[in-house]
Amino acid sequence: MAKSYYEARTPRWQRITIWIIAIAMAGGTLLGFVFMALAARNPELASSGITAKKTEEAQAELEKKETERQKKIDAQNAELTKKYLAELNSYQSQVQAFEPTGLGDVKTEDLKIGDGAEITDDNTNYSMYYIGWKPTGEIFDSSIDGETLKSPLPGSGSYITGWNEGVIGMKIGGVRLITIPADKAYGADGSGCDEDGENCVIPPDTPLKFIVMAIATPDDIPYPKGTLAVCEKAFASYATQYGIPAVELCQLYGYDNEEK
């Protein structure tokens, strides 16, 4: 549900690089021809003259800007941890083994009624902390990371059906226990399985339970001013090679969200 260790520790520009290479490799020869054709139709990029040294310098600068922003995010999370960690920890006693059969539809139980706005289908202006566990009582994911909290999840996102249904009707500041049957969790496929479909984090046909705490959305922390321009320089060589405009890659990963 939250960022993986890889996502949290790897600079975003490196993940974009891997993404580009993965597309090229996955598509094989045919996709390669498509990229070359696109590059041929983009003479401005093809003649940009971006050198490996300039690319490395731009990527180093981009990483600095990422680090600068991350420091502000970490400071914000430290304040949120002071405010919410103890309360979320107090609900750990709810994490117990449960019977995985006969659950029916999504079930909810309000452990604390909030005093803020009610969450509706089209209300995305809130964030969430959570604890998720399997029928064995094993926690598979949580906002609690040792003595700190991870960044809260945004209210809008590609979450499992049971989660999306289960938060409806909550109020900001509230805490809810949500029980989700397997068909509204990860279904017959499970989640986090290896290439053979084995050793899943969440096995197929597994119901789940969550403690969800709804909070007001923290202030957005943009990238430092000038990040988009640096990003374009960092990926200009890929734009030349594959015909993918660097600005589109940068916008895709949110580098255009910078200080005004």
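Where is the place of K134 in the chain? In this predicted model, K134 lies in the loop between β2 and β3, the latter being residues 139–142. That loop is a useful starting point, and the report moves outward from it to the strands, the other loops and a pair of helices.

**The chain as a whole**

The secondary structure of the chain comes to 8 helices and 8 strands. Of the 260 residues in the chain, 41% are buried. When contacts with a separation of 6 or more are considered, 79% of them are between residues 24 or more positions apart.

**K134 and the hairpin around it**

K134 counts as buried because its relative accessibility is 11%, and the cut-off for buried is under 20%. If neighbours within four places in sequence are left aside, K134 is in contact with F98, F140, V201, I202, P203, T206, P207 and L208. One of these partners, P203, is in the loop between β7 and β8, and another, L208, is a buried residue of β8.

The strands on either side of this loop, β2 and β3, run antiparallel and are joined by 3 bridges. Within this pairing, I131 has S142 of β3 as its bridge partner. The two strands form a hairpin with 5 residues between them, and in the turn G137 has a positive phi of about 90°.

**Strand β8 and its two partners**

How many of the residues of strand β8 are buried? Strand β8, which covers residues 208–215, is mostly covered, with 8 of its 8 residues buried. This holds on both faces: L208, F210, V212 and A214 are buried on one side, while K209, I211, M213 and I215 are buried on the other.

Strand β8 pairs with β2, residues 127–133, in the antiparallel sense over 7 bridges, and in this pairing M128 has A214 of β8 as its bridge partner. Strand β8 also pairs in the antiparallel sense with β7, residues 175–180, over 6 bridges, and here the bridge partner of L177 in β8 is I211. Strand β2 therefore pairs with both β8 and β3, since each pairing has at least two bridges.

**The loop between β7 and β8**

Three residues of this loop can be set side by side.

| Residue | Relative accessible area | Class |
|---|---|---|
| N199 | 66% | exposed |
| P203 | 34% | partly exposed |
| D205 | 54% | exposed |

N199 is found in the loop between β7 and β8, and D205 has its place in that loop as well. Most residues other than glycine have a negative phi. N199, although it is not a glycine, has a positive phi of about 50°, and D205, also a residue other than glycine, has a positive phi near 55°.

P203 is partly exposed because its relative accessible area is 34%, which is neither under 20% nor over 50%. Not counting residues up to four places away in sequence, P203 touches K134 and G190. The C-alpha atoms of P203 and G192 are separated by 8.4 Å, and these two residues are 11 residues apart along the chain.

**E99, in the loop before β1**

E99 has its place in the loop between α4 and β1, where β1 is residues 107–112. Is E99 buried or exposed? E99 counts as exposed because its relative accessibility is 51%, and the cut-off for exposed is over 50%. The side chains of E99 and T101 are joined by a polar contact of 2.8 Å. E99 and P135 are 36 residues apart in sequence, and their C-alpha atoms are 6.4 Å apart in space.

**Two helices in contact**

Helix α4, residues 52–89, packs with helix α6, residues 227–234, at an angle of about 145°, and their axes are 8 Å apart. The crossing in which α4 passes α6 is left-handed. On the α4 side the contact is made by T55, A58, Q59, E61, L62 and K65, and on the α6 side by T227, V230, C231, K233 and A234. Sorted by class, this contact of α4 with α6 has 5 nonpolar, 3 polar and 3 charged residues.

Methods:
Residues are numbered from 1 along each chain as its sequence is written. This is a predicted model: local features need pLDDT of at least 70, side-chain atom pairs count only at pLDDT 80 or more; totals for chains, interfaces and linings use all residues. Side-chain values use heavy atoms; hydrogens and water are left out. Axes are lines fitted to C-alpha atoms, for helices over the stretch in contact, and angles run from 0 to 180 degrees between N-to-C directions. Helices (H or I, at least four residues) and strands (E, at least two) are DSSP runs, numbered from the N terminus. A crossing is left-handed if the near helix is turned anticlockwise from the far one by less than a right angle, and right-handed if clockwise. Contact means heavy atoms within 4.5 Å. Ala, Val, Leu, Ile, Met, Phe, Trp, Tyr, Cys and Pro count as nonpolar, Asp, Glu, Lys and Arg as charged, and the others, Gly among them, as polar. Buried means under 20% relative accessible area, exposed over 50%, partly exposed in between (1.4 Å probe, protein chains only). A polar contact is a pair of N or O atoms within 3.5 Å; within protein, one must be able to donate a hydrogen and the other to accept it, and residues adjacent in sequence count only if both atoms are side-chain atoms.
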